[in-house]
Amino acid sequence: MSTQALSPPPFTSDDFARRMAHAATQAREAGLSGVLVAPGPDLEYLIGYAPGVIAERITMLVINVSREPAMIVPALERAGAADAPGAAAISLREWGDGEDPYAATGRLLDADGRYAISDSAWAMHVLGLQRALPTSSYVSMTDALPMLRAVKDADELERLAAAARAVDACFAEIVRVRFEGRREREMGAQLATLLREHGHSRVDFTVVGSGPNGANPHHELSDRVIERGDMVVLDFGGVKHGYESDITRTVHVGEPNEEEEEVFEVVRRAQQAGYEAVRPGVACQEVDRAARGVIAGAGYGEYFIHRTGHGIGLTAHEPPYMIEGEIQPLEPGMCFSIEPGIYLPGRFGVRIEDIVTVTEGGARRLNNSTREMRIVS
Ligand code: ZN
Ligand code: ZN
Ligand code: ZN
């Protein structure tokens, strides 16, 4: 099967018009005047525009709750912006060098409005807008509208599922190669090659945490030579067709001992419990509690030192977060990781991670690699 044949059709201007209307609704419900969108994942999501170089000249999409959306762009980037698939649904305004870009942008805003603004907006632009419109105010998009991109539509889900299938295929290949005697760095390079072979346009991370390195959840790669008897945490992903993949499996080089089997089984059960907790209406923190409860109940609570999961989409980490205190209810179409782990300092670590999506009746895993322990050579 060629990767080309599997490329999903591009998003249409209708898709983007629907997303912008939804953003306006969310802003209205949050009591805001609108949404200000800077280059980055929000802009890509809302009109499919990603300027080649994000430079100092301001580009900003303005979605007012009571007016047609408009985007201000530097004159020299107008042509590229006009080609964006979502540009049909907005009016384009340009500003030229020598003009005050904040006065020009400010004309699209309510003078005393309160706006959610992309996390990726440059501080210099926010400060410029505040100077141009002293009675306006701004809140971060993640604080004000955390769920803006959280519910995926069918086409987004298909892209995330394809990215997940690709990393499943990478895992199936990596467990067939020899681990013993090779450096983590070499294994990481091989994972990166596999990701590209399986249609990824970008590799974001290749974690190979062997033996004691597996006990550090932020360990990436080192020159450590993998030995017989090692647990090896493999956590890798990147971008395929614009959407992120992210999977973790922990393998063992040769036969595991009893303790390793026990710790692995606790993590496997915790991951399963997190998965079984997922259904519409359940608060995000319940997914964390379900997974954490299994690990704490087995006596390893102090060794599970991070949240249970994160949303995923155009970016690798985004709302919703599966963490104590997050009371946001799950909705069909949300996609996130469930990735409990146990990290025994100086010894070894185990983590198992799948991307799941909320369905009408519960949940569906996008990753389907075995969650039983794989023995490698
Ligand atoms: Zn071992
Ligand atoms: Zn991961
Ligand atoms: Zn993850």
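Glu-353 is buried, because its relative accessibility is 0% and anything under 20% counts as buried. The model in which this residue sits is a predicted one. Glu-353 is a useful place to start, as this residue is among the donors that hold a zinc ion, ligand 3.

The zinc ion (ligand 3) is coordinated by Asp-246 through OD, His-310 through NE2, and Glu-339 and Glu-353 each through OE. The distances run from 2.0 to 2.2 Å. Along the sequence, these donor residues of the zinc ion (ligand 3) follow the spacing D-x63-H-x28-E-x13-E. The site thus links distant parts of the chain: Asp-246 and Glu-353 are 107 residues apart. Asp-246 lies in the loop between β9 (243-244) and β10 (247-253), while Glu-353 lies in the loop between β15 (348-351) and β16 (354-358).

What is the arrangement of the four donor atoms around the zinc ion (ligand 3)? The angles they subtend are 80 to 162°, and the arrangement is therefore irregular. A tetrahedral label would require all angles to lie between 85 and 135 degrees. Ideal angles for four tetrahedral donors are 109.5 degrees.

Asp-246 has a further role in the geometry, as this residue bridges the zinc ion (ligand 3) and the zinc ion (ligand 2). The two ions lie 3.1 Å apart. Asp-246 has a relative accessible area of 3%, so this residue is buried.

Another zinc ion, ligand 1, is coordinated by the O atom of Gly-229, NE2 of His-252 and two OE donors of Glu-260, at 2.0 to 2.4 Å. In the chain, the donors of this ion are spaced G-x22-H-x7-E. The four donor atoms around the zinc ion (ligand 1) subtend angles of 58 to 164°, so this arrangement is irregular. His-252 is buried, with a relative accessible area of 0%, and Glu-260 is buried at 7% relative accessibility.

The last stop is a pair of helices. Two packed helices are described by the angle between their axes and the distance between the axes. Here helix α8 (residues 154-174) and helix α9 (residues 184-197) pack at an angle of about 135°, and their axes are 9 Å apart. Angles over 145 degrees would count as roughly antiparallel, so α8 and α9 are oblique to each other. Their crossing is right-handed. Which residues meet where α8 and α9 are in contact? From α8 come Val-167, Cys-170, Glu-173 and Ile-174, and from α9 come Met-187, Gln-190, Leu-191, Leu-194 and Leu-195.

Notes. Residues are numbered from 1 along each chain as its sequence is written. Chains are lettered from A and ligands numbered from 1 in the order in which they are written. This is a predicted model: local features need pLDDT of at least 70, side-chain atom pairs count only at pLDDT 80 or more; totals for chains, interfaces and linings use all residues. Side-chain values use heavy atoms; hydrogens and water are left out. Donors are N, O and S atoms within 2.8 Å of the metal (3.2 Å for Na, K and Ca); water is not among the atoms, so sites may look incomplete. Four donors count as tetrahedral if all angles lie between 85 and 135 degrees; four count as square planar and six as octahedral if opposite donors are over 155 degrees apart and all others between 65 and 115; anything else is irregular. Helices (H or I, at least four residues) and strands (E, at least two) are DSSP runs, numbered from the N terminus. Buried means under 20% relative accessible area, exposed over 50%, partly exposed in between (1.4 Å probe, protein chains only). Axes are lines fitted to C-alpha atoms, for helices over the stretch in contact, and angles run from 0 to 180 degrees between N-to-C directions. Angles under 35 degrees count as roughly parallel, over 145 as roughly antiparallel, 65 to 115 as roughly perpendicular and the rest as oblique. A crossing is left-handed if the near helix is turned anticlockwise from the far one by less than a right angle, and right-handed if clockwise. Contact means heavy atoms within 4.5 Å.
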